[in-house]
Amino acid sequence: GLPDTPSDRAYASQTGPDGRPLKRNAEATASFASRLTFGWMSPLLAAGANSPLEHSDLYDLQLVDSTQRNAGLLSDAWAAQVRCGRRSFFRALHAAFGPYFWCTGLLKLVNDLTIFATPVCIEYIVGYINGEPQYDVSLGTAFLIAISMAAAQCVQSPALGQDLFRGFPLGPRIRSAIRSGGYGKSLPRTHHRPGHLGLGTSAPYSL
């Protein structure tokens, strides 16, 4: 597969369908802070604010999202299953896309925890202000709860954004990998005609 990398080397030797060099996707070369805040989209948003976006203004597909790469991941994972004698498609799918899935799920968990923490903090703060006995805490603890509520909101926003942004591409990646395997297995089949031996064959994708 083709790696996604902050180096231009991943794009230098690749060309699009029309033969032109691929336009580097800003996300692929963005820093951690830029990815976290979606700062890499600023030039595109600025262009869209000034005039309607044209197809030439958009980034090319990231190499990490390409069918070639994702089909290669699934094919390699399936080959490893065959070597081990398991032949479990679920295990192969998990080996290929599981780490990305669980990292995205962790962001979802963080988002859900911060959503749950906010009303709990509000309950403690309101109870402290009203002087309710069960919320009898020190002033310093009350301030700490208020700061925790603000921190939870600051964490929730980027966690939700990253969860949605990372979650949506996962489905197309898996679908393209599975479909590529299906086409790879069905297209290279040998055809026979009367009086004619089998036509050329190529190694099918081993899904």
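At what angle do the axes of α4 and α6 cross, and within what distance do they come? The tour reaches that pair after a look at the whole chain. Keep in mind that this is a predicted model.

**Whole chain**

Show the protein chain as a cartoon. It has 6 helices and 0 strands, so reading from the N terminus on, the elements run α-α-α-α-α-α. Now colour by burial: of the 207 residues in the chain, 26% are buried. If you list contacts between residues at least 6 apart in sequence, 56% of them join residues at least 24 apart.

**Stop 1: α4 and α6**

Select α4, residues 67-84, and α6, residues 139-186. Here is the reply to the opening question: the two axes come within 8 Å and cross at roughly 70°. That angle makes α4 roughly perpendicular to α6, because angles of 65 to 115 degrees count as roughly perpendicular.

Show side chains where the two helices meet. On the α4 side, pick Thr 67, Asn 70, Ala 71 and Leu 74. They meet Arg 173, Ser 176, Ala 177, Ile 178 and Ser 180 in α6. Sorted by class, this contact has 4 nonpolar, 4 polar and 1 charged residues.

**Stop 2: Arg 173**

Stay in helix α6 and select Arg 173. Is Arg 173 buried or exposed? Its relative accessibility is 10%, so Arg 173 counts as buried; the cut-off for buried is under 20%.

Next, display the neighbours of Arg 173, leaving out residues up to four places away in sequence. Arg 173 touches Val 64, Asp 65, Asn 70, Phe 97 and Tyr 100. Then draw a distance from the C-alpha atom of Arg 173 to that of Ser 66: the separation is 7.8 Å, although the two residues are 107 residues apart along the chain.

**Stop 3: α4 and α5**

Keep α4 and add α5, residues 89-129. These helices pack at an angle of about 130°, with their axes 8 Å apart. That makes α4 oblique to α5. The crossing of α4 past α5 is right-handed.

Which residues of α4 meet α5? They are Asn 70, Leu 73, Leu 74, Ala 77, Trp 78 and Gln 81. From α5 come Phe 89, Arg 91, Ala 92, Leu 93, Ala 95, Ala 96 and Phe 97. By class, the residues of this contact are 10 nonpolar, 2 polar and 1 charged.

Zoom in on Ala 92. Not counting residues up to four places away in sequence, Ala 92 touches Leu 74, Ala 77, Trp 78 and Gln 81.

**Stop 4: the largest nonpolar core**

Select Leu 74, Ala 77, Trp 78, Ala 92, Ala 96, Phe 97, Tyr 100, Leu 170 and Ala 177 and show them as spheres. These 9 residues form the largest nonpolar core. At least two residues of this core come from each of α4, α5 and α6. Which helix gives the most to the core? It is α5, with 4 residues.

**Stop 5: α5 and α6**

Finally, hide α4 and look at α5 with α6. Their axes come within 7 Å and cross at roughly 155°. That makes α5 roughly antiparallel to α6, because angles over 145 degrees count as roughly antiparallel. α5 passes α6 in a left-handed crossing. The residues of this contact divide into 27 nonpolar, 9 polar and 4 charged.

Key:
Residues are numbered from 1 along each chain as its sequence is written. This is a predicted model: local features need pLDDT of at least 70, side-chain atom pairs count only at pLDDT 80 or more; totals for chains, interfaces and linings use all residues. Side-chain values use heavy atoms; hydrogens and water are left out. Axes are lines fitted to C-alpha atoms, for helices over the stretch in contact, and angles run from 0 to 180 degrees between N-to-C directions. Angles under 35 degrees count as roughly parallel, over 145 as roughly antiparallel, 65 to 115 as roughly perpendicular and the rest as oblique. A crossing is left-handed if the near helix is turned anticlockwise from the far one by less than a right angle, and right-handed if clockwise. Contact means heavy atoms within 4.5 Å. Ala, Val, Leu, Ile, Met, Phe, Trp, Tyr, Cys and Pro count as nonpolar, Asp, Glu, Lys and Arg as charged, and the others, Gly among them, as polar. A nonpolar core is a set of buried Ala, Val, Leu, Ile, Met, Phe, Trp, Tyr and Cys residues joined through side-chain atoms within 4.5 Å. Buried means under 20% relative accessible area, exposed over 50%, partly exposed in between (1.4 Å probe, protein chains only).
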